[in-house]
Amino acid sequence: MDIIKIKRNTDNRNIRVILLSSVFVDRGAERIMLWLEKHLPKREYDIRIVCLRNLAPFAERLEGMGGPEVHILGMRHPFDVIALFRLFHFLRGFKPDILHIHSFRSAVVGRPIGRLAGVP
């Protein structure tokens with residue numbers, strides 16, 4: 001297991017975090033992601049929630065209740081090159097300091113794409 005130390009950037013911007021899951025349904029990992037998004041201080045963290053697959057009924061319900069936006073990448077199968085490309089570009093565009101992965105399936109996809117995008 002890699003231990004990564006995150007230092008505050010010299011430009012004093014917030015620490016950017018992506019919370020990545022393969023699906024977004026009302027289960028434990030997703031509740032933890034929501035807790036992190038809600039309770040980490042906004043003045044210190046800029047958080048985005050990303051879901052690999054379209055299985056995101058919980059995300060739709062959250063948006064209807066005014067909850068956080070969940071970015072859904074539309075992955076149809078593990079080798080969906082278009083969705084992998086979307087994830088790569090999302091990571092390169094947002095430039096997170098931390099990619100926090102919340103499921104095995106998203107780890108299999110997220111870790112190598114994160115490395116390619118230069119994200120710890």
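This report describes the fold, the nonpolar cores and a few selected residues of one predicted protein chain.

Because the model is predicted, local features are reported only at pLDDT of at least 70 and side-chain atom pairs only at pLDDT 80 or more, whereas totals for chains, interfaces and linings use all residues. Residues are numbered from 1 along each chain as its sequence is written, and side-chain values use heavy atoms, with hydrogens and water left out.

**Fold and confidence**

The chain holds four helices and four strands, where helices (H or I, at least four residues) and strands (E, at least two) are DSSP runs numbered from the N terminus. Along the sequence these elements follow the pattern β-α-β-α-β-α-β-α. The average pLDDT of the chain, which is the predictor's confidence in each residue from 0 to 100, is 83, and 80% of the residues score at least 70. Among the elements, helix α2 (residues 57-64) has the lowest mean pLDDT, 68, while α3 has the highest, 94. Of the contacts with a separation of 6 or more, 63% join residues 24 or more positions apart, a contact being heavy atoms within 4.5 Å.

**Nonpolar cores**

Of the 120 residues in the chain, 40% are buried; buried means under 20% relative accessible area, exposed means over 50%, and partly exposed lies in between (1.4 Å probe, protein chains only). A nonpolar core is here a set of buried Ala, Val, Leu, Ile, Met, Phe, Trp, Tyr and Cys residues joined through side-chain atoms within 4.5 Å. The largest such core has 17 residues, and those with the most contacts inside it are Ile18, Leu20, Leu52, Leu87, Leu91 and Val109. Two or more residues of this core come from each of β1 (15-21), β2 (45-53), β3 (70-75), α3 and α4 (104-117), with α3 giving the most, six residues. A second, separate core of eleven residues includes Val17, Met33, Leu36 and Val70. Leaving out residues up to four places away in sequence, Leu20 touches, among others, Met33, Val50, Leu52, Leu87, Ile101 and His102.

**Three loop residues**

The table sets out three residues that lie in loops.

| Residue | Loop | Relative accessibility | Class |
|---|---|---|---|
| Asp80 | between β3 and α3 | 2% | buried |
| Lys95 | between α3 (81-94) and β4 (98-101) | 55% | exposed |
| His102 | between β4 and α4 | 16% | buried |

Asp80 counts as buried because its relative accessible area is 2%. A polar atom of the Asp80 side chain lies 3.0 Å from the backbone nitrogen of Arg76, and beyond its neighbours within four places in sequence Asp80 is in contact with Gly74 and Met75.

The side chain of His102 makes a polar contact of 3.0 Å with the side chain of His100; a polar contact is a pair of N or O atoms within 3.5 Å in which, within protein, one must be able to donate a hydrogen and the other to accept it, and residues adjacent in sequence count only if both atoms are side-chain atoms. Not counting residues up to four places away, His102 also touches Leu19, Leu20, Ala29, Ile32, Met33 and Leu36.

Lys95 has a phi near 55°, a positive value in a residue other than glycine. Most residues other than glycine have a negative phi.

**A charge over a ring**

The charged end of Arg16 sits over the ring of Phe94, 5.6 Å from its centre, the criterion being NZ of Lys or CZ of Arg within 6 Å of the ring centre and within 35 degrees of the ring normal.
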